[in-house]
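Got the viewer open? Let's take a walk through the sheets and the helices that lie on them.

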Amino acid sequence: MNKTLFMLIDALAAKRRLSEEEYAFLIANRTPEAAKRLAELAVSVRKTYYGNTVYIRGLIEISNICKNDCLYCGIRSSNRSCDRYRLTEDDILECCREGYDLGFRTFVLQGGEDPYFTDERLEALLHSIKGAYPDCAVTLSLGEKSYESYKRLYDAGADRYLLRHETAAKAHYEKLHPPSLSFGERMRCLRDLKAIGYQVGCGFMVGSPFQTVQDLAKDLAFIQDFGPAMCGIGPFIPHKDTPFRDETAGTLELTCYLLSIVRLIRPNILLPSTTALGTIDPIGREKGILAGANVVMPNLSPASVRKKYMLYDNKASDGAEAAECVDSLRERMTSIGYEVVAARGDVKPL
């Protein structure tokens, strides 16, 4: 047994922080025994704040039109094979109505950076959702915007904003994105969102091309210092119509290991067990929860468009990933000792 490894795990659990070098050691020297210990500690901490509850979010993918050309993404602007769509306001409100009836109390509006969805249109949409469902939270995940735009949407009723930082290493960021996107601008957006008052979510891909152990250590150090309310972590999965089509996918093993670490860094964090986990493993969702996650986001999008929002190959959109199968999801969570609850599921104070 690597005594240093377990000493670091215990130190993280006690202090909620390590150095970047220590995070790198924790990742590079991981063992199944270390993963088991981390998961046990993460679950214990999570239960202190959230008990055995799992929050559900209704994911509505409002558009797969995107002005950006990120090298890993299936809806990148240069992908001519992508069957594009955009939901109308009525479509989105109908998704919310169906979701509310199914017990969802958070709606997550996610999409590519589609210029059609101006501040004015999004403001009107937020007013409509909040007017119809005042007891619900709305999370936006619509990419990079100006401070003024973020503030307008917050004032219109948006509660949370999820903007994955993708990687906290500038050099790595530049290998995953076109020159039109900058690491500095992504970090500016995250700082602005937090300053405005959103419950802010960041996140990164596990096993993305060119990623090193040191890059992952930077991600953990960033989460430690930034203090997000939410963090979306999922394995990189290649898409056939991107430059990374032949790259190796990230693993469930490392993703779950990092989920446990993030839970120990931020005991109160809202931590999704992502669709990507359910895509690479039939019980990936459950494994994520058992590693310390406490959120799942079934798909509320119209069935006719779900397979068009294909960020990566074979993205799961039916079965337990579908909102209408929430009863099946409840049963699956019950089978591992957890309870899906109908609640807004705001972040608990530390």
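Start with the open sheet of 3 strands, which runs in the order β8-β1-β9 with parallel pairing. Keep in mind as you go that this model is predicted. Select 295–296 for β8 and 339–341 for β9: these are the edge strands, and each pairs on one side only.

Next, pick residues 53–56, which make up strand β1. Between β1 and β8 the pairing is parallel, over 2 bridges. Want a spot to zoom in on? Try I56, whose bridge partner in β8 is V296.

Now add residues 326–335. That's helix α13, and you'll find it lying across β1, β8 and β9, at about 160 degrees to β1.

On to another sheet. This one is open too, with 6 strands in parallel pairing, ordered β2-β3-β4-β5-β6-β7. Color 58–63 (β2) and 230–235 (β7): each has a single partner strand, so one side of each has no neighbour in the sheet. From one strand to the next, the twist averages 20 degrees.

Select 106–111 to bring up strand β3, which pairs with β2 in the parallel sense over 5 bridges. Which residue of β3 is the bridge partner of L59? Click on V108 and you've got it.

Two helices to finish. Residues 183–196 are helix α8, packed on the sheet and touching β5 (160–162) and β6 (199–206). The direction of α8 makes about 150 degrees with that of β6. Then select 213–226 for helix α9, which also packs on the sheet, touching β6 and β7. Here the angle between the directions of α9 and β6 is about 170 degrees.

How values were computed. Residues numbered from 1 in each chain as written. Predicted model: local features only at pLDDT ≥ 70, side-chain atom pairs only at ≥ 80, totals over all residues. Heavy atoms only, no water. Pairing = 2+ DSSP bridges. Helix = DSSP H or I, 4+ residues; strand = E, 2+ residues; numbered from the N terminus. Contact = heavy atoms within 4.5 Å. Axes fitted to C-alpha atoms, helices over the stretch in contact; angles between N-to-C directions.
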